[in-house]
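Student: I'd like to take a close look at one helix and what surrounds it. Could you walk me through it, starting with the whole chain and then zooming in?

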Amino acid sequence: RGNHMIGYLKGEVAGIYEEQIVLEVGGIGYNVKMSASTLDCLHGIGEEVKIYTYLSVREDAMQLYGFLTKDDLDFFKLLIQVNGIGPKGALAILSVMTTDDLRFAILAADSKTISKAPGIGAKTAQRLIIDLKAQHGGKSVGSQHSQRVLTEAFTRITHTAYYMKVK
């Protein structure tokens, strides 16, 4: 379950830790969990950033998850809809691959690549591929531009592999 009460936070990075940052906004420090790849994109303490957020509400905790792009947030929301993948698992996936890499892995039904994320086994990766393809009628997940680019890349790879096999 998510709460869309906080669309984004814009403020100064007050601290960077292993799995989260403290973002100071109006004198309040917000703990925001982030993927390792998102944390790597931050330049350091004192940086002014806009973080798109997802508020996870459970009976024992409330936790903010943050993303530098709306696309990453949207993909996170798709991931946590898959049975067996919660916010922690979704962040683990987004820590080891970009959203574009993940789109390609889904399009190519590459569960082996997806299961490289800590805590994501082969069965969960396969379920993710099946569920996200089903939600989108078998089309790749994401923006139309990303879909076109990935479809072209997949076609080129397939043709190259075929011609290499023929020779």
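Tutor: Let's start wide: the chain has 7 helices and 6 strands, and bear in mind that this is a predicted model. Going along the sequence, you meet them in the pattern β-β-β-β-α-β-β-α-α-α-α-α-α. Of the 167 residues in the chain, 39% are buried. If you take the contacts with a separation of 6 or more, 52% of them join residues 24 or more positions apart. As for the outside, the chain exposes about 9,900 Å², with carbon and sulfur atoms supplying 53% of that area.

Now zoom in on helix α2, which covers residues 70-79. Which of its residues are buried? They are D72, L73, F75, F76, L78 and L79. Several elements help to cover them, including strands β5 (48-57) and β6 (62-67). The cover also includes the helices α3 (87-96), α4 (99-107) and α6.

Let's take α6 from that list. In general, you describe two packed helices by the angle between their axes and the distance between the axes. Here, the axes of α2 and α6 (residues 122-135) come within 11 Å and cross at roughly 110°. An angle from 65 to 115 degrees counts as roughly perpendicular, so that's the label for α2 and α6. On the α2 side, the contact is made by F75, L78 and L79; on the α6 side, L128, L132 and Q135 take part. Sort the residues of this contact by class and you get 5 nonpolar, 1 polar and no charged. Notice the spacing, too: an α-helix has 3.6 residues a turn, so residues three or four places apart point the same way.

F75, L78 and L79 are also on the list of buried residues in α2, and so is F76, which brings us to the aromatic rings. The structure holds 4 aromatic pairs. In one of them, the rings of Y54 and F76 have their centres 5.4 Å apart and their planes at 65°, so this pair is edge-to-face. Y54 sits in strand β5 and F76 in helix α2, 22 residues apart, and the pair links these distant parts of the chain.

Are these two residues buried or exposed? Buried means under 20% relative accessible area. Y54 has 5% relative accessibility, so it counts as buried. F76 is at 0%, so it counts as buried as well. Finally, widen the view a little: Y54 and F76 belong to one aromatic cluster together with Y65 and F67.

Note on methods
Residues numbered from 1 in each chain as written. Predicted model: local features only at pLDDT ≥ 70, side-chain atom pairs only at ≥ 80, totals over all residues. Heavy atoms only, no water. Axes fitted to C-alpha atoms, helices over the stretch in contact; angles between N-to-C directions. Helix = DSSP H or I, 4+ residues; strand = E, 2+ residues; numbered from the N terminus. Parallel < 35°, antiparallel > 145°, perpendicular 65-115°, else oblique. Contact = heavy atoms within 4.5 Å. Nonpolar A, V, L, I, M, F, W, Y, C, P; charged D, E, K, R; others polar. Buried < 20%, exposed > 50% of the residue type's maximum accessible area, 1.4 Å probe, protein only. Areas by Shrake-Rupley, 256 points an atom, 1.4 Å probe, with all protein chains shown as cover. Phe/Tyr/Trp six-rings, centres within 6.5 Å; stacked < 30°, edge-to-face > 60°.
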